[in-house]
Amino acid sequence: MKKIAFILWGISLSFSCFSHNLEFGANESPPFWSKKLPNNGMCGEILQAMTELAGYKSHITFKPLSRLINDTENNDLGNPTFYLQQNDFASIIPIAIYQTVFYYYQPNHQSKIVLQSLDDLKQYKIGILKGTLIDRLAFEQQGIEFETSYNQESIFKKLKLGRIDLALEIKLVAQQTINSLYPELADNFAVIQLANSTSPIAIMISEDQPDANKIGEKLQKALETLIAEGRYQAIIKKYNGQADLPESWFNELNKFNTFYNFITSE
């Protein structure tokens, strides 16, 4: 199942900096980013708090995911592994973590779906968000079939109708989408956990960004302050319901921070 975890997810955010104004562009992916949620969602609220503490003003414009991914000239926010293939960054600041999981609709299957290897995926059609698969061709050459959609709502509608067998999604995004579309049927959507599927959501500042290092340093210090004061934990709690974040959350966040600091300092 470790290889399955290499199917990576990209949540995009791009921005340009003019003086003390930071203009952001993000794809709609509640509860992480959403123009329909207060403060633009969980990560939107973290970002807003960071930029204000660092002395900047911020604004987010929401754009389709495919447009953000195809525009390689912008700074980004998402899974760094996805973006490092085509961009160089002066600073990468992990601000949250997420888990990628599979979902299936139980009434459409006579028995429980069990996935232990890539071979197990060959009998199913998998729904994914357009632009979120790192190397689709490599998987399709192994007989694994995908169907892309432009938004999460479309993926889970197809899943319920039986047009796809599995949906590969971020767990928190999937829960939000299911509860929005089918609150009375939420228990029918079964989740399959993946080993080693924890990934970061990070602010990635391009090497071409004016004052890139200064911006990165100020935002990193702002994040550390938010955590020390407990404001960061309070934001996360709004969306995952946990009174206290587990130690593993910060261990993972620190691990990714160390790793990407090493990459950008090379």
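Select P31 to begin, and you will be in the loop between strand 2 (21-26) and helix 1 (41-53), where helices (H or I, at least four residues) and strands (E, at least two) are DSSP runs, numbered from the N terminus. Add P30 to the selection and look at the link between the two prolines, because the peptide bond from P30 to P31 is cis, with omega near 5°. What you have open is a predicted model, in which local features need pLDDT of at least 70 and side-chain atom pairs count only at pLDDT 80 or more, while totals for chains, interfaces and linings use all residues. Residues are numbered from 1 along each chain as its sequence is written, and side-chain values use heavy atoms, with hydrogens and water left out.

Stay in the loop between strand 2 and helix 1, and select N39, which also lies there. N39 is not a glycine, and yet its phi is positive, at about 60°. Select N40 as well, another residue of this loop, whose phi is near 65°, again a positive value in a residue other than glycine. If you colour by accessibility, N39 appears as partly exposed, with a relative accessible area of 33%; here buried means under 20% relative accessible area, exposed means over 50%, and partly exposed is in between (1.4 Å probe, protein chains only).

Now show the whole protein chain as a cartoon, which has nine helices and ten strands. Of its 266 residues, 50% count as buried. Contact means heavy atoms within 4.5 Å, and among contacts between residues at least 6 apart in sequence, 71% join residues at least 24 apart.

Next, select I113, in the loop between strand 5 (89-105) and strand 6 (125-129). Is I113 buried or exposed? With a relative accessible area of 4%, I113 is buried. Leaving aside residues up to four places away in sequence, I113 touches Y104, Y124, L166 and I192. Draw a distance to A190 too, since the C-alpha atoms of I113 and A190 are separated by 9.0 Å although the two residues are 77 residues apart along the chain.

Move on to helix 5 (residues 152-161) and helix 6 (residues 171-181), whose axes come within 10 Å and cross at roughly 70°. Such axes are lines fitted to C-alpha atoms, for helices over the stretch in contact, and the angles run from 0 to 180 degrees between N-to-C directions. Helix 5 and helix 6 are therefore roughly perpendicular to each other, given that angles under 35 degrees count as roughly parallel, over 145 as roughly antiparallel, 65 to 115 as roughly perpendicular and the rest as oblique. To see the contact, show the side chains of Q152, E153, F156 and K157 in helix 5, together with V173, A174, T177, I178 and L181 in helix 6. These residues divide into five nonpolar, two polar and two charged, where Ala, Val, Leu, Ile, Met, Phe, Trp, Tyr, Cys and Pro count as nonpolar, Asp, Glu, Lys and Arg as charged, and the others, Gly among them, as polar.

Keep F156 selected and add Y103, Y105, Y182 and F189, which form one aromatic cluster with F156. Rings of Phe, Tyr and Trp (its six-membered ring) pair if their centres lie within 6.5 Å, and planes under 30 degrees apart count as stacked, over 60 as edge-to-face and the rest as tilted. By this rule the count comes to six aromatic pairs.

One of these pairs is Y232 with F250, whose ring centres are 6.2 Å apart and whose planes stand at 50°, so the pair is tilted. Y232 lies in helix 8 and F250 in helix 9, so the pair ties together parts that are 18 residues apart in sequence. Both Y232 and F250 are buried. Then select F259 and Y260, whose ring centres are 4.9 Å apart with planes at 75°, so this pair is edge-to-face. F259 is partly exposed, with a relative accessible area of 43%, whereas Y260, at 2%, counts as buried.

Finish with I263, which lies in helix 9 and is partly exposed, with a relative accessible area of 26%. Select L84 beside it: the C-alpha atoms of I263 and L84 are separated by 9.9 Å, and the two residues are 179 residues apart along the chain.
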